[in-house]
Number of protein chains: 2
Amino acid sequence: MTTENRINSTRYKEIIAAARKLFPAKGYEATSMNELIVSLGIAKGTMYYYFPSKQCLLEAVVEDIVDEEFTRLKNLLHSSTAQHLSPDEKLRLLLSEYSGNQDNNRILDILNRPDNSRMYSYQLGRYIEKLAPLYASIFAPGCGEGLFNSAYLLECAEFMIAGITFLVDPGLYPWSRSQITRRMKALPFLLEAQLGALSGFFDESLQNKNTNKE
Amino acid sequence: MTTENRINSTRYKEIIAAARKLFPAKGYEATSMNELIVSLGIAKGTMYYYFPSKQCLLEAVVEDIVDEEFTRLKNLLHSSTAQHLSPDEKLRLLLSEYSGNQDNNRILDILNRPDNSRMYSYQLGRYIEKLAPLYASIFAPGCGEGLFNSAYLLECAEFMIAGITFLVDPGLYPWSRSQITRRMKALPFLLEAQLGALSGFFDESLQNKNTNKE
DNA sequence: AAATATAGACCGACCGTCGGTCAATGGCTA
DNA sequence: TAGCCATTGACCGACGGTCGGTCTATATTT
């Protein structure tokens with residue numbers, strides 16, 4: 001198939017590599033197709049031969065980033081050092097790795113780019129879809145015997161990733177430095193609380209409350 | 001002052017009103033300044049006389065929306081019917097009102113608009129900044145006597161609003177209907193868990209764990 | 001009271017740039 | 001040589017934004 005050949009071609013990967021540098025650095029909206037073309041030394045037609053639209057290029061770039069994150073975190077979880085950690089220790093390991101990596105990718109987190117929210121919100125969405133199951137899988141061992149609690153492990157993971165990323169990442173909203181540090185200090189407690197609540201420490205009153213409603 | 005006159009003028013409010021209709025309906029990026037101008041029957045120069053850029057118009061529109069939400073929820077909280085509710089009942093009242101209102105504003109939630117994430121992410125940010133304290137204030141009575149728990153009330157509110165909105169609102173990411181309903185079913189439990197953890201039901205082991213780290 | 005000056009709301013032709021299109025073409029393989 | 005890709009770049013309409021200027025209503029001067 002033609003499309004498949006295109007995706008596996010060198011050009012395709014070259015373009016994605018260039019976009020992976022420019023999109024986060026300059027912002028998605030602020031980066032023009034022309035800039036990419038010039039920096040690659042190719043013609044406009046070539047660009048649109050591989051990517052029918054700028055939106056498609058964005059999606060391919062995000063897919064590339066999220067895929068990389070996925071395998072990285074998966075390998076980290078199955079590494080010999082992390083294998084025998086407790087669920088909450090594993091979770092904190094994953095989260096610290098994630099936020100740490102973000103800081104490395106962005107040289108200047110002072111710089112706010114409102115023309116980048118499109119990329120980041122899409123990226124966060126894909127990230128949640130792909131990696132939330134991974135997060136949820138580490139909750140399971142710590143979870144109590146009640147069926148009810150474990151029914152919402154995935155949603156809990158999604159909830160946590162979404163909340164943390166949106167509130168700590170300056171890419172989606174120009175948070176001030178003090179806002180970010182304030183939240184990062186609160187995060188361990190909030191996660192612990194959420195996890196603790198999940199693991200069945202609660203008395204039955206809570207579960208009754210909820211099951212009654214259904 | 002000249003600027004102040006402009007903000008209080010009829011024109012200014014007319015333009016915001018028009019943008020409040022078109023931006024959510026067509027999407028921010030997809031709505032051109034020309035469309036707004038034509039629909040208002042004014043000239044381009046007039047538009048840019050009141051708003052120096054499209055981004056500034058967006059911010060004014062979002063401010064308008066969030067302000068309205070703020071007073072609406074504040075009044076709701078102080079209403080005679082809601083005044084003597086328990087914290088978690090109040091919380092669920094606020095959240096249901098919010099999501100219910102969103103559905104009304106958007107006629108088609110099936111329609112996904114990736115060119116609207118810029119507006120929605122900014123709106124969510126402003127919403128959190130303005131309304132999280134309001135949410136946090138209703139947590140306080142249900143909170144235990146420990147100082148530690150109540151120290152993170154604001155962050156807990158921010159965390160909840162961000163997570164819920166991002167995961168349930170199709171404006172920021174094109175979630176499928178099944179994803180949304182799945183999460184909405186999980187929400188009562190997750191909120192209850194988070195609130196319960198806050199209210200001091202926990203044993204001291206959790207608090208010790210966290211205080212040790214500081 | 002008439003003439004003149006000032007302010008500011010409003011106009012629309014115009015600009016550079018953007019994302020995107022397409023007919024033409026070079027070069028490789030069968 | 002025929003056919004197929006990958007590649008080219010001139011070209012397009014629409015976009016956000018600018019700018020010189022008009023018009024009216026109010027203040028100031030005569």
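This passage walks through a predicted model of protein chains and DNA strands, beginning with the fold and ending at the DNA.

Chain A is a good place to start. Its secondary structure comes to 11 helices and 0 strands, so reading from the N terminus gives nothing but α, one element after another. Of the 214 residues in chain A, 32% are buried. The contacts also say something about how the chain folds back on itself: among those between residues at least 6 apart in sequence, 69% join residues at least 24 apart.

How far can the picture be trusted? The mean pLDDT of chain A is 81, and 78% of its residues reach 70 or more. Two stretches deserve some caution, though. Over residues 103–110 of chain A the pLDDT is below 50, and beyond near neighbours in sequence this stretch has 4 contacts in the model. Residues 201–214 of chain A also have a pLDDT below 50, with 13 contacts beyond near neighbours in sequence. Where pLDDT is low, the predicted coordinates should not be read in detail.

Next come the helices. Helix 5 of chain A makes a handy check on geometry: at 1.5 Å a residue, its 24 residues should span 34 Å, and its end C-alpha atoms are 35 Å apart, so the two values agree. The buried residues of this helix are A:L57, A:L58, A:V61, A:V62 and A:E69. What covers them includes helix 2 (10–26) and helix 7 (117–139) of chain A.

Chain B has its own helix 5, also with 24 residues, and the distance from its first C-alpha to its last is 35 Å, close to the expected 34 Å. Here the buried residues are B:L57, B:L58, B:V61, B:V62, B:V66 and B:E69. Helix 2 (10–26) and helix 7 (117–139) of chain B are among the elements that cover them.

Helix 9 of chain A, residues 153–168, has 16 residues and reaches 22 Å from end to end, close to the 22 Å expected. This helix is mostly covered, with 15 of its 16 residues buried. One residue in that span, A:I161, touches A:Y127, A:I128, A:A132 and A:Y135, leaving aside residues up to four places away in sequence. A:I161 also stands out in the largest nonpolar core, which has 86 residues: A:I161, A:A162, B:I161 and B:A162 touch the most other members. As a general background point, in soluble globular proteins nonpolar side chains tend to be buried together.

Not every isoleucine looks like that. A:I180, found in helix 10 (residues 177–198) of chain A, has 15 other C-beta atoms within 10 Å; since a buried residue needs 20 or more and an exposed one has 12 or fewer, A:I180 is partly exposed. Setting aside residues up to four places away in sequence, A:I180 touches A:V168, A:P170 and A:W175. A:P170 lies 10 residues from A:I180 along the chain, and their C-alpha atoms are separated by 8.3 Å.

For an exposed residue, B:T3 in helix 1 of chain B will do. With 8 other C-beta atoms within 10 Å, B:T3 falls under the cut-off of 12 or fewer and therefore counts as exposed. The C-alpha atoms of B:T3 and B:R92, 89 residues apart along the chain, are separated by 41 Å.

That leaves the DNA. Around strand C there are 20 residues, and A:S32, A:G45, A:K54, B:A43 and B:G45 come nearest. Chain A supplies at least two residues from each of helix 3 (33–40), helix 4 and helix 5 (54–77), and chain B does so from helix 1 (2–8) and helix 4. Helix 4 of chain B gives the most, with 4 residues. By class, the surface near strand C divides into 6 nonpolar, 9 polar and 5 charged residues.

Strand D also has 20 residues around it, and the nearest are A:A43, A:G45, B:S32, B:G45 and B:K54. The elements giving two or more residues to this surface are helix 1 (2–8) and helix 4 (44–50) of chain A, along with helix 3 (33–40), helix 4 (44–50) and helix 5 (54–77) of chain B. Helix 4 of chain A contributes the largest share, 4 residues. The surface near strand D has 6 nonpolar, 9 polar and 5 charged residues.

Technical notes
Residues numbered from 1 in each chain as written. Chains lettered and ligands numbered in written order. Predicted model: local features only at pLDDT ≥ 70, side-chain atom pairs only at ≥ 80, totals over all residues. Near = placed C-beta within 6 Å. Nonpolar A, V, L, I, M, F, W, Y, C, P; charged D, E, K, R; others polar. Expected span 1.5 Å × (residues − 1). Contact = placed C-beta atoms within 7 Å. Core = buried A, V, L, I, M, F, W, Y, C linked by C-beta atoms within 7 Å. pLDDT = per-residue confidence, 0-100.
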